[in-house]
Amino acid sequence: MTRPLRTAPRLEHHSLSIYENIWLVIGLLIQLVLFVGVMASLVSGTSPLTQDNTAGHNHLAGVTNGRVDPANLQATAFGKPGLYLQDDGSYQAIVVAKAFAFDPPFLRVPAGRDVTFHVTAQDVVHGYYVHGTNINVDLMPGQVASFKSSFDTPGEYNVICYEYCGIGHHNMINKIIVEPAGTDVPTVNAPATTAQTATQETAP
């Protein structure tokens, strides 16, 4: 004797409409949350930084098409890392990441002034993340990461390597010290005053 096949209960049309409306509302809420998050990031300045390969790194000595020989950095612009004053009053920061430190160990910049960063890795993959800002860049040996930023609020900003690079990775910390607007800061291509030199030597 065969048993009759059971058929799945059929949902009424109005029940289907209710479920469709629920999922429609959920989808709209997700889009709204994403939109608010993106707008908040843009307003607060914490949106991810887009690397700008047109930021002028090709004028640097030893750099061609955004690439540099990591085994011969001393013969390039990265042989003298530090902060440079530009003719237009902006600044240029040359930074080298290597196990397990950044060179220079700190940068001192005035608030409100544009700083164009040119950063590269000497040995392995490193990261360059400035806490409290949208600066977050991967550093590859042989490649130059160039980007422009400015700091509106004076204070100290920790710079960390977020890519595991070896046993001393946790010690790879740098600082960007932002001075009040209008402060003269020492640069590689401009002699520092006696007061600036003393301040630079005592910086963390």
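Asparagine 65 is exposed in this predicted model: its relative accessibility is 68%, and since anything over 50% counts as exposed, the label fits. You'll find asparagine 65 in the loop that runs between helix H1 (13-44) and strand S1 (82-85). Its backbone is worth a look too, as asparagine 65 has a positive phi of about 55° although it is not a glycine.

Now turn to the inside. The largest nonpolar core has 29 residues, and Phe117, Tyr128, Phe151 and Ile176 are the ones with the most contacts inside it. Plenty of strands feed this core: S2 (91-98), S4 (106-110), S5 (115-121), S6 (126-130), S7 (136-139), S8 (145-149), S9 (155-160) and S10 (173-179) each supply at least two of its residues. There's also a second, separate core of 10 residues, which includes Leu60, Ala77, Tyr84 and Val144.

Phenylalanine 117 is a handy place to park your viewer. Setting aside neighbours within four places in sequence, phenylalanine 117 is in contact with Tyr128, Phe151 and Ile176, among others. The rest of its contact list is Ala93, Leu107, Ile135, Ala145, Ser146, Phe147 and Ser149.

Two of those contacts, Leu107 and Ile176, lead us to the strand pairing. Leucine 107 has isoleucine 176, in S10, as its bridge partner. S4 and S10 run parallel and are joined by 5 bridges.

Step back and that pair becomes part of an open sheet of 5 strands, ordered S4-S10-S9-S6-S7 with mixed pairing. S4 and S7 are the edge strands; each has a single partner strand, so one side of each has no neighbour in the sheet. If you ignore direction, neighbouring strands here are turned by 20° against each other on average.

Finally, check out the backbone on the way into S4, where there are a couple of peptide bonds to look at. Alanine 99 and phenylalanine 100 are joined by a cis peptide bond, with omega about 0°. Phenylalanine 100 sits in the loop between S2 and strand S3 (101-103). Another cis peptide bond links aspartate 103 to proline 104, this time with omega about 5°. Proline 104 belongs to the loop between S3 and S4, and S4 is the edge strand whose bridges to S10 we met above.

How values were computed
Residues numbered from 1 in each chain as written. Predicted model: local features only at pLDDT ≥ 70, side-chain atom pairs only at ≥ 80, totals over all residues. Heavy atoms only, no water. Core = buried A, V, L, I, M, F, W, Y, C linked by side-chain atoms within 4.5 Å. Buried < 20%, exposed > 50% of the residue type's maximum accessible area, 1.4 Å probe, protein only. Helix = DSSP H or I, 4+ residues; strand = E, 2+ residues; numbered from the N terminus. Contact = heavy atoms within 4.5 Å. Pairing = 2+ DSSP bridges. Axes fitted to C-alpha atoms, helices over the stretch in contact; angles between N-to-C directions.
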